[in-house]
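Visitor: I am new to reading protein structures. Could you walk me through this one and explain the terms as we go?

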Amino acid sequence: MIEMKYADYAWEQTTALLAIDSPSGYTRKAAEWVKAAFEALGFRAEITVKGGVIIDLGGKDANDGLLLEAHADTLGAMVAQVKGDGRLKLTALGGMRPENAEAENVKVYTRSGKVYDGTCQLCNASIHVNGSYGDTKRTWDTVEIVLDENVTSAKETRELGIEVGDIVCFDPRTRRTASGYLKSRFLDDKLSVGILLGFAKYLADNQIQPARRVWAHVTVYEEVGHGGCASVPAGITEAISVDMGCVGAGLQCTERQVSICAKDSGGPYSYEVVGKLIEAAKTTGADYAVDIYPFYGSDVEATLRSGVDIRHGLIGAGVYASHGYERSHIDGVMNTLKVLCGYLNV
């Protein structure tokens, strides 16, 4: 039976990855870190042409392979306009919401390699000046980046090297509480990358060769819909997306459980795979919930749409406040690891 130390390791790795900014389209450093992390455990890993990471976790039956998918890309933003007063208008990368971005510290990454600090603020953000502060609808037209530089014009901002198309990354604010809660932006889906590293370490430490060949694919375009559409190794018959489990009104899952998704906005997951995931949870004693996610899509659905002939599933540690300041729990990590072990009987 897998031990809690592997859940702790998963969180340690997650924390390290969360410190690397990687919104969709700006993921090279994160991919290099992921590759090195799996290689340090003794597994062969390579970066794909598209920029994701494929890892061979070993196993015997190469004609009945299992692909585990998680993603290292996150939400973020891009400079859409250098405004006349030197501030920056944004366009979202993925599902970043302006209501949630407001008052967050950011870093602006320029093409020249310079990095500048700033804050995402409501336009005219001083409550003592703006009588319409509370009535203003937060959109990407009503919030802006205020740079922590002495600039008051577009010319001065451009002289710093900042231009349209530069990447804007939001502070993750990563925390682990004494009670075991895990809080950060972008647990979706760096927590799952950490979980796959915890699972890989368990295999390596115990010199386990699963009965079937197992691959992992850490994708880098999931948040914009096409992360898992390429780089499927030969012999794969099933793919499971390890992504965040939804927690919210009308759903059963909590942050301390592993969620098994039966259906999301893309339709039902494989009835056979969902059934085997439930049995794996029961066999290993994992605390689990089965849920339907109303506004969700996963890497493995992109894999299916690419035309490969596979069965598919989705699991993940429960995460509250998705696409915001997210929260999970170390128990949810442990329960997800149990399901992976039970599914592969290792």
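Visitor: Are Lys83 and Glu144 buried or exposed?

Guide: Welcome! Please keep in mind that this is a predicted model. Both Lys83 and Glu144 are buried. That word is used for residues under 20% relative accessible area.

Visitor: What makes Lys83 and Glu144 a salt bridge?

Guide: Their side chains meet with N and O 2.7 Å apart. The cut-off is 4 Å between a side-chain nitrogen of Lys or Arg and a carboxyl oxygen of Asp or Glu, so this pair counts as a salt bridge.

Visitor: Where in the chain do Lys83 and Glu144 lie?

Guide: Lys83 is in the loop between β4 (76-82) and β5 (88-93), and Glu144 is in strand β8 (residues 143-147). The pair links distant parts of the chain, 61 residues apart.

Visitor: Why is Arg28 called exposed?

Guide: Arg28 has 55% relative accessibility. Exposed means over 50%, so Arg28 earns the label.

Visitor: And why is Glu32 called partly exposed?

Guide: Glu32 has 38% relative accessibility. Buried is under 20% and exposed is over 50%, so Glu32 belongs in between. Arg28 and Glu32 also form a salt bridge, with their closest N and O atoms 3.1 Å apart. Both lie in helix α2 (residues 28-40), 4 residues apart, which is about one turn of the helix.

Visitor: How do you know that Arg176 and Asp8 form a salt bridge?

Guide: Their side chains meet at 3.1 Å, N to O. The limit is 4 Å, so the pair qualifies. Arg176 lies in strand β10 (residues 175-176) and Asp8 in helix α1 (residues 4-18), so the pair ties together parts 168 residues apart in sequence. Arg176 is partly exposed, at 40% relative accessible area, and Asp8 is partly exposed too, at 24%.

Visitor: How many salt bridges does the structure hold?

Guide: It holds 25 salt bridges. Asp64, Arg212, Glu238, Glu272, Lys276 and Arg311 are linked in a network of them.

Visitor: Which residues have the most contacts inside the largest nonpolar core?

Guide: They are Phe38 and Phe170, in a core of 99 residues. Helix α5 (residues 187-205) gives the largest share of this core, 10 residues.

Visitor: What is Phe38 in contact with, leaving aside its neighbours within four places in sequence?

Guide: Its contacts include Phe43, Ile55, Leu57, Leu196 and Val218. Contact requires heavy atoms within 4.5 Å, so each of these residues meets that limit with Phe38.

Technical notes:
Residues are numbered from 1 along each chain as its sequence is written. This is a predicted model: local features need pLDDT of at least 70, side-chain atom pairs count only at pLDDT 80 or more; totals for chains, interfaces and linings use all residues. Side-chain values use heavy atoms; hydrogens and water are left out. A nonpolar core is a set of buried Ala, Val, Leu, Ile, Met, Phe, Trp, Tyr and Cys residues joined through side-chain atoms within 4.5 Å. Buried means under 20% relative accessible area, exposed over 50%, partly exposed in between (1.4 Å probe, protein chains only). Helices (H or I, at least four residues) and strands (E, at least two) are DSSP runs, numbered from the N terminus.
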